[in-house]
Amino acid sequence: MATKTAQTTTDTNSKTETATDEKMKVDNATVKKDEMKNAPLHKFFVDALKDIYFAENAIIDALDKMQEAATTEELKEAFEDHQLQTKKHVSRLEKVFKLLDEEPQKKECEAIKGIIKEGEEIIKTTKEGSMTRDAALIIAAQKVEHYEIATYGGLAQLAITMGHDKVADLLEKTLQEEEDTDYDLTEIAETYINFDAEQEG
């Protein structure tokens, strides 16, 4: 009988140890989540999101000036559409911040400031009402697009790596829209604007 009692005690202890181990595993998982939030890659990721959040807001303002400066109605409409789309991208980024339990914040982006400044210089140095100005504005707009494509493409891959699947889906959706806009701008340029600009004296 004593042997049986000892066996029962051993079994009970074994179960308790297993339960404790499982609890520790859960605790460890929580710790890992906290650690990930403080990990260098995660910090860089959030920092880069703040950078593109600043950029998107700056692009909204820049597109106003580009639309006003454009010669053809087609390009004016393209810039207007791009501005509406950019406002959606800002809202989408705010959802991304929320999913990551972060406050939406802007970090000054020197790259986009430089690209926008270049666009403003194009407006100053090209003739108003000319097709040359439109051709130059398209290139300026595509420089913006290519910056965004590079940023969203890289961030989407990082989100996948870190297991932020919903975040990755949102970033990839924006990436696809940026690529579509870039394609549309190329179409406008190649259809007639570049040719007409070449004919200007």
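Which side chains meet in a salt bridge of 3.0 Å, N to O? Those of Lys 107 and Asp 47 do, as the first legend sets out. This is a predicted model, in which local features need pLDDT of at least 70 and side-chain atom pairs count only at pLDDT 80 or more, while totals for chains, interfaces and linings use all residues. Residues are numbered from 1 along each chain as its sequence is written, and side-chain values use heavy atoms, with hydrogens and water left out.

**View A. The salt bridge of Lys 107 and Asp 47.** A salt bridge places a side-chain nitrogen of Lys or Arg within 4 Å of a carboxyl oxygen of Asp or Glu. Because Lys 107 lies in the loop between H3 and H4 and Asp 47 in helix H2, the pair ties together parts that are 60 residues apart in sequence. Helices are DSSP runs (H or I, at least four residues), numbered from the N terminus.

**View B. The salt bridge of Glu 177 and Arg 92 (3.2 Å, N to O).** Glu 177 belongs to helix H6 and Arg 92 to helix H3, so this pair ties together parts 85 residues apart in sequence. Glu 177 is buried at a relative accessible area of 18%, and Arg 92 is also buried, at 11%; buried means under 20%, exposed over 50% and partly exposed in between, with a 1.4 Å probe and protein chains only.

**View C. The buried face of helix H4 (residues 110-125).** The buried residues Ile 112, Ile 115, Ile 116, Gly 119 and Ile 122 fall within an arc of 105 degrees (taken from the directions from the helix axis to the C-beta atoms), so they line one face of the helix.

Conventions:
Helices (H or I, at least four residues) and strands (E, at least two) are DSSP runs, numbered from the N terminus. The expected span of a helix is 1.5 Å times one less than its number of residues.
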